[in-house]
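Got a minute to go through how the labels on this model were earned? Let's put each value next to its cut-off and see what follows.

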Amino acid sequence: MSGTACGRAGASPDLPWMLRLSFTITNTIIDACLRRDGTVNRRLFSFVDVKSPPSVKPANGVTTSDTTVDPSRNLWFRLFLPTESANAGENVPVVVYFHGGGFVFLTADSKPFDDFCRRLSRDLPAAVVSVNYRLAPEHRCPSQYDDGFDVLKFIDENPPPNSDLSRCFIAGDSAGGNIAHHVAARAGEFKFRKLKIRGLIPIQPYFGGEERTASEIQVVGAPIVSVERADWCWKAFLPEGSDRDHPAANLFGPKSGDMSGLKVPKCLVFIGGVDPLKDWQKKYCEGMKKNGKNLKMIEYPKAIHSFYMVPELPESRLFINEFRNFIYFG
């Protein structure tokens, strides 16, 4: 289903009613948490942000543990290890993962991302390093990029068990996809001891700009993302006084420099057809390709934003297969 159909004709993806209800409740609470003065009502959001503790005992074929990188900024990561591979003594690829949430919401131990990263770890299989980075507006750009890059340096010096650092991939969804790109770009300029980054996987990455794209105008009423929420989050995240053409948001926009020297690995980008951000994601893919980057784009026409978090959706299963093929077969 095209974005135009969703917005103009009033149609919507074929979602289970319980999922629709969940999205409606989540959207309502998020909007209530975004204050007009640019702050977030975190106490209110905590009522719906259920946390999952680490599980030393296997749960759904995966063990998890938390590792502190820098307590002064609450920088830590949750490590997901597939038990079948660990029991067989196999070293698996590493996926350094950045969660979504508009740079503003959620953490590495939020239940949706604990469930999702557990599924990734088991089904790929891979050692998933889910980064708990600082949130805006309390910590603005580039704090999140700093945190992500510092986690890369940490695991380079302190390899996770049963992991193959020579097969490391950087991934993230939505705002996490934005972070994944910028962290990978920094990593391309740094010489690690053991870590070798083989690929970049932005999943419906959160990019933007001052221009209003067709999908922002036409895809109205889609779950999770709206233009109004996205604008609020950009204002909370970007440096004070910046607009959405800041290079952190608009990578190939009027305020960005020469990107031809950008050093990033091969790239796999996922896009959903029922996502207001899809045109910015396509601009990202076009810009990367014009600058000579090895990039593959996969678009699921009926996919909503965050479709990958819902295992029951057919696109979610296709997504896992593409992810696996990319990290194992390239």
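Q: What makes glycine 292 worth a look after helix 10?
A: Its phi is positive, near 80°, and this glycine follows helix 10. Helices here are DSSP runs of H or I with at least four residues, and strands are E runs of at least two, numbered from the N terminus. Bear in mind that this is a predicted model: local features need pLDDT of at least 70, side-chain atom pairs count only at pLDDT 80 or more, and totals for chains, interfaces and linings use all residues. Residues are numbered from 1 along each chain as its sequence is written, and side-chain values use heavy atoms, with hydrogens and water left out.

Q: How do you know that the span of helix 10 agrees with what a helix should give?
A: The expected span is 1.5 Å times one less than the number of residues. Helix 10 (residues 278-290) has 13 residues, so it should span 18 Å, and its end C-alpha atoms are 18 Å apart, which agrees.

Q: Why is arginine 229 called buried or exposed?
A: Buried means under 20% relative accessible area, exposed over 50%, and partly exposed in between (1.4 Å probe, protein chains only). Arginine 229 comes in at 13%, so it counts as buried. Aspartate 31, at 38%, therefore counts as partly exposed.

Q: What makes arginine 229 and aspartate 31 a salt bridge?
A: The rule wants a side-chain nitrogen of Lys or Arg within 4 Å of a carboxyl oxygen of Asp or Glu. In this pair the closest N and O atoms are 2.7 Å apart, and the pair qualifies. The partners sit in helix 9 and helix 2, 198 residues apart in the chain.

Q: How do you know that glutamate 210 and arginine 244 meet in a salt bridge?
A: Their N to O distance is 3.8 Å, and they make the cut. This pair also links distant parts of the chain, 34 residues apart. Glutamate 210 has a relative accessible area of 36%, so call it partly exposed; arginine 244, at 15%, counts as buried.

Q: What makes up the lining of the largest pocket, by class?
A: Ala, Val, Leu, Ile, Met, Phe, Trp, Tyr, Cys and Pro count as nonpolar, Asp, Glu, Lys and Arg as charged, and the others, Gly among them, as polar. Sorted that way, the lining has 22 nonpolar, 9 polar and 6 charged residues. Helix 2 gives the largest share, 6 residues.
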